[in-house]
Number of protein chains: 2
Amino acid sequence: MREITVAAAQMGPIQRAEGRDVVVCRMLALMDEAKGRGADLIVYPELALTTFFPRWYVEDTAQADAWFERDMPNETVRPLFDRAARHQMAMSFGYAELTPDGHHFNTAILTDGSGKIVGKYRKVHLPGHAELDPRRAFQHLEKRYFEPGNLGFPVWRNLGGIFGLAVCNDRRWPETYRVMGLQGVEMILIGYNTPAVNAEKSEEGPEKRLFHNRLSVQAGAYQNSCWVVAVAKAGVEDGFPLIGGSLIVNPDGEIVAEATTEGDELVVHACDLDATLFGKKTIFDFARHRRIEHYGLIASRTGAIPPP
Amino acid sequence: MREITVAAAQMGPIQRAEGRDVVVCRMLALMDEAKGRGADLIVYPELALTTFFPRWYVEDTAQADAWFERDMPNETVRPLFDRAARHQMAMSFGYAELTPDGHHFNTAILTDGSGKIVGKYRKVHLPGHAELDPRRAFQHLEKRYFEPGNLGFPVWRNLGGIFGLAVCNDRRWPETYRVMGLQGVEMILIGYNTPAVNAEKSEEGPEKRLFHNRLSVQAGAYQNSCWVVAVAKAGVEDGFPLIGGSLIVNPDGEIVAEATTEGDELVVHACDLDATLFGKKTIFDFARHRRIEHYGLIASRTGAIPPP
């Protein structure tokens, strides 16, 4: 048994006017609570330090740079790293990253139990659009403010297991899980900010959005025989509702713990990384069962091309 | 709207001693009932003409050739093709295929409304094992009796839409759906024979097996915005129970119809192929969102390789 106790730290809304210092205080409170519940790892959502700013359009994207972090860690988030080290707790959170050479990514990091960053991931599957789209009920400008991630889907050894990261919309894409599965991933950590209504189909509300969240995460866990921890920023940000539904899914694809609120809330579960082994050596023993000679289109064709 | 009425023709058990003629009679009865319910397409399960013979070990595999069809159609199944043509109903079923040059495949075919075969698929993902394995509660010798399919995952235009086929264990592999999704598939037809107990883990019973069946099929439908029709051979064959749970899933991943028995049973639904369009042009518009530069491992690495 290789048991690690994971705290999925769902966060309630962050309003546009709120400063990062207030947010870090909330994150520290969640971390202290996680420590009290025996957590070895705390997982915060995507863009954990700010509101989900891609809903706001600015013509000059340089004006959006205020939402980005130029260093990690930086002074504002230093207390998180210090506290995590004191608690000997690994940590993951998402933030908007502005690199020294001017690139913008939707990024997540993973630390070890000493507060050292051991993994960085940049969101590959950016949803939404790049230009103001007045037909939508609200904007989702991730393709305006971010470039697609350029680090692939790496995995890292940490806490005695093999970990991977993904961000929000990545979780709907089976390629995300599979590329990590092919590196033996045992636990995938995913933060998200998901509007409670489809901006292009108003009858698709929170119930269906939560269903798709569960379905994607459960399938990814089952089909790669790994744990998945998916963590929301939830609730109403400046009038725009986000789903909650943070959940921890076991390697059989079963939900073992799930959030019940849309606010700051810990979802804690003791996860045995050895529970990944049975699936990996039987029905999902890739070496015995996968047939890559028939998968070529997946890595060679981007868009769908119907037959003549 | 491009509505086609689909009848998922779940079949109850076929005992080892039963002849194909008896089975064809049952299939004809289901077809006539489907006609009465307005079906444009009837979908039978994997290995629809015989018992699930890979549970039986024979040392000399040539002795298993009696389970295979050397021609399609042949005299035994000719009544199915004739009746389907009379009903102007398309049809799909699975059978064990022995080719003129001696190759063995777990095959499914698709006909148009005139009884002409327009598509053939050979199962790519063979589960189980090739040698007698006394540690298992029962045998699952698909790797003994079949070669992996050599036709890839083709799609065909039929009934005004784009169709693909898969067989049983293929449905657990996201690659199956994705390769067809990249060819614009609108409806995937999948037959299965799934033991109600995991042969290597007796505590995994029918409830969990049905859950994995639904999860895999629903995720494949949602993530490729297509209809999926999954059809069981169900019930107890010579003492060995198979799950039922035949189901039709819409392009949102929702179950719209599901079997309630483990016997011969039609599950009928009017499926609008245009319901696939919204997902294909928004969240799963592959051309805008997929990033093939990060998917290389999927088509180049067969087995999982953990990091050092």
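## Finding your way around

Helices (H or I, at least four residues) and strands (E, at least two) are runs assigned by DSSP, and they are numbered from the N terminus. With that in hand, we can say where A:Pro73 sits: in the loop between strand 2 (41-43) and helix 2 (78-87) of chain A. Please keep in mind that this model is predicted.

For chain A, an unreviewed UniProt entry lists residues 4-275 as "domain: CN hydrolase". Over those residues the chain is 21% helix and 28% strand. The C-alpha atoms at the two ends of this stretch lie 12 Å apart.

## Backbone details to look for

What kind of peptide bond runs from A:Met72 to A:Pro73? That bond is cis, with omega near 0 degrees. Chain B has a cis peptide bond between B:Met72 and B:Pro73, and its omega is about -5 degrees. B:Pro73 is found in the loop between strand 2 and helix 2 of chain B.

Another residue to find is A:Gln88, in the loop between helix 2 and strand 3 (90-98) of chain A. A:Gln88 is not a glycine, yet its phi is positive, at about 50 degrees.

## Where the chains meet

The size of an interface is often given as the accessible area lost when the parts come together. Here, chain A and chain B bury about 6,200 Å² between them, and 63% of that area is on carbon and sulfur atoms. Which three residues supply more of the area that chain A buries against chain B than any other three? They are A:Trp173, A:His294 and A:Ile298, which supply 11% of that area. As for the residues in contact, 68 come from chain A and 68 from chain B.

## Pairs of opposite charge

Side chains of opposite charge can pair when their charged atoms come close. How many salt bridges does the structure hold over all chains? The total is 50. One of them joins B:Glu237 and B:Arg55, with the closest N and O atoms 2.9 Å apart. B:Glu237 belongs to strand 10 (residues 235-237) of chain B, while B:Arg55 is in the loop between strand 2 (41-43) and helix 2 (78-87) of chain B, so this pair ties together parts that are 182 residues apart in sequence.

Between chain A and chain B, the count is 10 salt bridges. To see a salt bridge with a residue in each chain, look at B:Glu254 and A:Lys208, whose closest N and O atoms are 3.6 Å apart.

## Two pockets

The largest pocket holds about 560 Å³ of space. Its lining has 35 residues, and the ones nearest the centre are A:Thr282, A:Ile283, B:Asn198, B:Glu204 and B:Arg209. Three elements each give two or more residues to this lining: helix 6 (277-281) and helix 7 (286-289) of chain A, and helix 5 (206-224) of chain B. Sorted by class, the lining of the largest pocket has 14 nonpolar, 13 polar and 8 charged residues.

The second largest pocket holds about 270 Å³ of space. Of its 23 lining residues, A:Lys201, B:Pro251, B:Asp252, B:Phe278 and B:Gly279 are closest to the centre. At least two lining residues come from each of helix 5 (206-224) of chain A, strand 14 (265-272) of chain B and helix 6 (277-281) of chain B. Which element gives the largest share? Helix 5 of chain A does, with 3 residues. The classes in the lining of the second largest pocket are 8 nonpolar, 7 polar and 8 charged.

## Cavities

Rolling a probe the size of a water molecule over the atoms shows where empty space is left. Unlike a pocket, a cavity is a place where the probe fits but cannot get out. Searching the whole structure turns up 6 cavities of 30 Å³ or more.

About 310 Å³ of space lies in the largest cavity. Which residues lie nearest its centre? Among its 22 lining residues, those are A:Pro127, A:Gly128, A:His140, A:Arg209 and B:Ile283. The lining of the largest cavity divides into 8 nonpolar, 8 polar and 6 charged residues.

Conventions
Residues numbered from 1 in each chain as written. Chains lettered and ligands numbered in written order. Predicted model: local features only at pLDDT ≥ 70, side-chain atom pairs only at ≥ 80, totals over all residues. Heavy atoms only, no water. 1 Å grid on protein atoms, 1.4 Å probe; cavity = no way out; pocket = protein on both sides within 12 Å on 5 of 7 lines; lining within 4 Å. Points joined across faces, edges and corners; volume = space filled by probe spheres on them. Nonpolar A, V, L, I, M, F, W, Y, C, P; charged D, E, K, R; others polar. UniProt positions renumbered as here; feature names shortened; annotations may be inferred. Contact = heavy atoms within 4.5 Å. Buried area = accessible area lost by both parts, 1.4 Å probe. Salt bridge = Lys/Arg side-chain N within 4 Å of Asp/Glu carboxyl O.
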